Amino acid sequence: MVDSSKNKEPVWAKYITEENLPTEDLKWLCEIIGLEATKKLMFNAAGNKFLIHAYCNQPYKKQYIIDNYTATKRNIIDLVKACNTNQRYVYKVIKEHVEGKK
């Protein structure tokens, strides 16, 4: 049986607004994911610490580059912008991908 109490907001939750969130971290999080998702984290993950590694998106960026690479100058510029990286990184990803297929 699913515990529905975890999905319910406490009765006092209506007093939480974007303006009165208690920390800058929660305010920043609210800007990114919205108030309702921030409140869910406050209720269900209070006391937990989260670490989002700086390189957690790398596998997805690499796959995007591999899937969208066409070897034109315009394409490389577009990939650099889309992945917020540089040309050297794009070439490195493609080189590793090609060498990995041998």
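In this predicted model, Phe-50 is exposed, since its relative accessible area of 62% lies above the 50% beyond which a residue counts as exposed. Phe-50 is located in the loop that runs between α2 (35–44) and α3 (58–68), and together with Trp-28, Ile-32, Ile-33 and Leu-41 it makes a nonpolar surface patch of about 560 Å². The greatest contribution to this nonpolar patch comes from helix α1 (residues 24–33), which gives three residues.

Away from the patch, the analysis turned to the buried nonpolar residues. The largest nonpolar core is made up of nine residues, namely Ile-65, Ile-76, Leu-79, Val-80, Cys-83, Tyr-89, Val-90, Val-93 and Ile-94, and at least two residues of this core are supplied by each of the helices α4 (73–83) and α5 (87–101). Within the core, when residues up to four places away in sequence are not counted, Ile-65 touches Leu-79, Cys-83, Tyr-89, Val-90, Val-93 and Ile-94. A second core, separate from the largest one, consists of five residues, among them Ile-16, Leu-21, Cys-30 and Leu-35.

The aromatic rings were examined next, and the structure holds one aromatic pair. This pair is formed by Trp-12 and Phe-43 in an edge-to-face arrangement, with 5.6 Å from centre to centre and 85 degrees between the planes. Because Trp-12 lies in the segment before α1 whereas Phe-43 belongs to helix α2, the pair ties together parts that are 31 residues apart in sequence. Trp-12 is partly exposed, with a relative accessible area of 49%, and Phe-43 is likewise partly exposed, with a relative accessible area of 24%.

Definitions and conventions. Residues are numbered from 1 along each chain as its sequence is written. This is a predicted model: local features need pLDDT of at least 70, side-chain atom pairs count only at pLDDT 80 or more; totals for chains, interfaces and linings use all residues. Side-chain values use heavy atoms; hydrogens and water are left out. A nonpolar core is a set of buried Ala, Val, Leu, Ile, Met, Phe, Trp, Tyr and Cys residues joined through side-chain atoms within 4.5 Å. Buried means under 20% relative accessible area, exposed over 50%, partly exposed in between (1.4 Å probe, protein chains only). Helices (H or I, at least four residues) and strands (E, at least two) are DSSP runs, numbered from the N terminus. Contact means heavy atoms within 4.5 Å. Patches are made of residues with over 30% relative accessible area and no salt bridge: like charges are joined within 9 Å, nonpolar side chains (Val, Leu, Ile, Met, Phe, Trp, Tyr) within 5 Å. Accessible areas come from the Shrake-Rupley method with a 1.4 Å probe; for residues, only the protein chains shown count as cover. A salt bridge is a side-chain nitrogen of Lys or Arg within 4 Å of a carboxyl oxygen of Asp or Glu. Rings of Phe, Tyr and Trp (its six-membered ring) pair if their centres lie within 6.5 Å; planes under 30 degrees apart count as stacked, over 60 as edge-to-face and the rest as tilted.
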